[in-house]
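Please open the model in your viewer and keep the selection panel at hand. The tour goes from the whole chain to single residues.

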Amino acid sequence: MTKKPQIKAIIFDIGGVQLFYSHMIAARLMSKIINIPAEKIKNVLQDSGDKGSYNNLVERGAPLRQYWCFAANRLGIEQIPAKKFQELWNKIFTPNKPLLKILPRLKKHYKLGLLSNMGKGHKKYIKSKYKITKPFHKFVFSCDVKSRKPNSKIYKTILKKLGVRPFEAIFID
């Protein structure tokens with residue numbers, strides 16, 4: 001009789017799992033500053049299309065200034081007040097309190113991993129404001145490994161850090 005594989009690790013995403021988010025929150029606030037419709041701003045900020053997209057720049061670790069210049073270009077304006085926009089961009093999150101509450105209990109029984117397609121600005125903010133990495137044994141942010149989901153490199157990185165094989169982990173996205 002073969003032994004059934006045992007789950008040894010649980011890997012969580014941040015966006016939509018630990019922290020709910022809405023790009024429209026930031027887009028509405030930004031719209032008041034640059035007089036561009038919020039819907040247009042939201043479309044630029046959540047664009048995850050080609051390799052030249054805003055999200056690709058953010059999640060692959062581009063400097064903050066570079067991706068705010070990219071956003072300005074896509075919006076057809078000369079410049080964006082980058083520091084102010086980064087502050088507004090950070091306002092998109094709402095904690096998933098029930099999940100965050102059970103993570104310490106899960107940590108007693110499983111290796112916990114954190115895997116996220118997140119840029120440097122959000123990473124710094126959420127680590128500081130929400131202490132999001134505290135309940136986890138290991139974590140991987142796309143901006144640090146220059147790879148984003150669904151590329152296998154980012155998954156292999158977190159599995160290696162946790163010391164588990166793919167069939168020994170579940171990923172909650």
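What follows is a short list of selections, with a note on what is found at each stop.

This is a predicted model, in which local features need pLDDT of at least 70 and side-chain atom pairs count only at pLDDT 80 or more, while totals for chains, interfaces and linings use all residues. Residues are numbered from 1 along each chain as its sequence is written, and side-chain values use heavy atoms, with hydrogens and water left out.

Begin by selecting the whole protein chain, whose C-alpha atoms fill a box of roughly 65 × 30 × 20 Å along the principal axes. Switch to a cartoon view to find nine helices and six strands, which are DSSP runs numbered from the N terminus (helices are H or I with at least four residues, strands are E with at least two). Of the 173 residues in the protein chain, 47% are buried; buried means under 20% relative accessible area, exposed over 50%, and partly exposed in between, with a 1.4 Å probe and protein chains only.

Next, select residues 97–107, which form helix 6 and include Arg-105. Is Arg-105 buried or exposed? Arg-105 is exposed, because its relative accessible area is 52%. Add Pro-135 to the selection: Arg-105 and Pro-135 are 30 residues apart in sequence, and their C-alpha atoms are 9.5 Å apart in space.

Finally, select residues 152–162, which make up helix 9, and pick out Lys-153 there. With a relative accessible area of 43%, Lys-153 counts as partly exposed.
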